[in-house]
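Have a look at the model below. We'll go through some loop residues, the overall build of one chain, and where the two chains meet.

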Amino acid sequence: MLQFLLRERKTAIDGLKGFKKQPLTPKLFGVMAEYTTKSKLAHLNPWRKTGSPTAGFPIEFLLAFDIFPIHPEAYACYAGSAGVTRRPIEEAESQGYSRDLCSYMKTSIGATDMGWPCDFGGVPQPDFYVSANAVCDTHIKWFENEARRHGVPYFGLDIPSHVAGRGDDQDLEREIDYVVAQFFDLIAFLEKQSGKKFSEEKFMRVIGKSQEACALYHEILAYRRCLPAGQYFEFQRLFMLPVAVMWNLDGCIAYYRRVLAELRRRYGDTPPTDLGSREKYRLMWEGITIWYKVDLYYWLAEKGARFVYEQYTDSFGIRRRRTTTFPETLRQIASEIITLPYTLNLEKRIAWMEQKIDEYDIDGVVLHANLSCRPAAAAQQDVKNAIQKSKGIPVLILSADMDDPRSYSDEQVRTRCESFIEMMEARKG
Amino acid sequence: MIAIGLDIGSTTTKIAVMEERKLLYTEIVPTGYNVEKTWKELFAATRERLNLEMEMIGGIVSTGYGRNSVDIATRRVTEIMCHAAGIRYSLPGTRSIIDIGGQDSKFIQLGETGEVTDFKMNDKCAAGTGRFLEVMARALESNLEDFGKLSLVAEKAARISSMCTVFAESEVISLIAKGEARENIIAGIHDSIANRMVSMMGRSGVVTPVAMTGGVARNEGIRSALEKKLGISIEVPATAQVNGAVGAASLAS
């Protein structure tokens, strides 16, 4: 870090200014700092193994072996928040990675190769990589490639491409069998990497904590139905870090318990509550956030438009259902990975969004057409048409990129957002 | 009272003056690099020409990408709303607007009472905009005024497949080298813009009557290409190029 500060003084200063712009409470700042510090320490500790999983990977298997999770995507989000991703991305592109590829991946590769610390996107070298094609197809080849580049082992979980919502549970049961069988291969892989024997008992303790953390996280999210919601996207996208990364489940549970207690004190035990100061425009966001543009959310807030629900933040912390036995838990995890909200078929996905629009009293929807993640932007026009028709609220498709500022044009975005607000205003009369 | 609309676009700045919702005056000047200087000079020249004292002006609405630079505006409104208001003024009953400006192309859908129900804009790319046409006109050593007429006498439209302005210019140069008639190349360029526009519009459906606004609306070749592809007729109001400013003035009224 010191070397980086001396070598990249301007980047470091720009990055610190970027972090400072985030709506961090002292506690949340501490949570973020704790993760990067522990990432660096775990990497330096010769007795502690580190493994690098992708988002959506069942991290609990790693935790059951005391393996510290090194998350390249989380560090890429840090770099995005710091507003310093352009150079790492260009560094990766100079190595031949296409402009069309994922900007998390390129931020991670570029920042690591330039020797940047994890606060700025670099990845402390893990002992191995694991990934799954659960939420993203790039995850498999990205991590396979990283393992090859760094000469460490790799394990890939193949998640069937399930279309949820059709009601054909027989297919799902077969798919669960397929994934559970791979869990045993994963356990064998982790035993080899860690030199430890797998303990079902320890795994169940980890899962119990994970389920508690996820349940707390979603209880907190539900309070955003209150009027006003109190917690908005620019905060929520950072607030989800502990449950998304799970490097410290006990700390995560303690933190979320405190936040929930505060919400209960303010709103009572059961959301939603109307405190008589509803936001002027309550918005829904669909897709990954634009990490480097917290200013966009602040600018919208000045106009009274606040994001109170995001499918993106709701999709984390999926381990909500309590399980008691090991076989049941494995099947439940497999089911949760296979049937994420993103896997819903179009009809069910629209119905699901319509339900959230009602629950969170939404005035308008923004769909992020993310240039880094074209599959996630598929069918957005159909979603837009359907919601505009059924709910009569404006839906805006916003073209940008989650981590690549070169794909973002302030003036274009503001013109579209202002028109979108004008439509909501006209609708309200 | 007098109402003024200022539309500061990427290529041109437009002013429209209304009195009791009646259009009195419009003017267009190049925007240039100094947006603030341009609108201030245009505003001053308009006041002088119409003998307008400031106290006679009841409202000023600014629009276009330079709208926030107009510190005397009583309201700043986006191009989407102003184009809709402009069409409500000049062609009431219109349900869809195609607006091709200097760097933006837009498709605006209106409800039965002329309110905006949806809009689409080009993303991250100048293909299908006035800027695209300017680049092509330069490559063909022609001017935009002749472009529309020349394309109407083309025997067949040449094929321009690239959507990228820079690559399309290379294609045009390559077609010139192959001896392709200039009229055919221009017709191909118009087809390329129309294809881009139609694909953008198709995503949300076209409801008639359809009107076209913006500087490119003056180009008969593009309008004709769009009409053929959509199988409908497209109205072009006399105030097409200043439609945003007219809409702004009507919102200021």
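B:Met56 counts as exposed in this predicted model, because just 12 C-beta neighbours fall inside 10 Å and a residue with 12 or fewer is put in that class. Its place is the loop between helix H1 (35-50) and strand E4 (57-63) of chain B. Go 15 residues along the chain to B:Asp71, and the C-alpha atoms of B:Met56 and B:Asp71 turn out to be separated by 18 Å.

Chain B also has a couple of loop residues with unusual backbone angles. Most residues other than glycine have a negative phi, and most peptide bonds are trans. B:Arg21 goes the other way, with a positive phi near 65°; you'll find B:Arg21 in the loop between strand E2 (12-19) and strand E3 (22-30) of chain B. B:Glu141 has a positive phi too, near 50°, and sits in the loop between helix H3 (130-139) and helix H4 (144-152) of chain B. Are these two buried or exposed? B:Arg21 counts as exposed, since it has 10 C-beta neighbours inside 10 Å, and B:Glu141 is exposed as well, with 8 other C-beta atoms within 10 Å.

Then there are the cis peptide bonds, one from each chain:

| Cis peptide bond | Omega | Loop that holds the proline |
|---|---|---|
| A:Leu227 to A:Pro228 | near 5° | between helix H10 (200-222) and helix H11 (233-239) of chain A |
| B:Thr208 to B:Pro209 | about -5° | between helix H6 (182-202) and strand E9 (210-213) of chain B |

Now for chain A as a whole. It's built from 19 helices and eight strands. Its C-alpha atoms fill a box of roughly 65 × 55 × 40 Å along the principal axes. How does the radius of gyration of chain A fit a compact globule? It's 21 Å, which agrees with the value near 22 Å for a compact globule of 429 residues. Of those 429 residues, 47% count as buried. Among contacts in chain A between residues at least 6 apart in sequence, 77% join residues at least 24 apart.

Finally, the spot where the chains touch. Here 14 residues of chain A are in contact with 15 residues of chain B. On the chain A side, the elements giving two or more residues are helix H18 (380-391) and helix H19 (410-428). H19(A) supplies the largest share, eight residues. By class, this side of chain A has two nonpolar, eight polar and four charged residues.

Methods: Residues numbered from 1 in each chain as written. Chains lettered and ligands numbered in written order. Predicted model: local features only at pLDDT ≥ 70, side-chain atom pairs only at ≥ 80, totals over all residues. Contact = placed C-beta atoms within 7 Å. Helix = DSSP H or I, 4+ residues; strand = E, 2+ residues; numbered from the N terminus. Nonpolar A, V, L, I, M, F, W, Y, C, P; charged D, E, K, R; others polar. Buried ≥ 20, exposed ≤ 12 C-beta atoms within 10 Å, placed from the backbone. Rg over C-alpha atoms; globule rule 2.2 N^0.38 Å.
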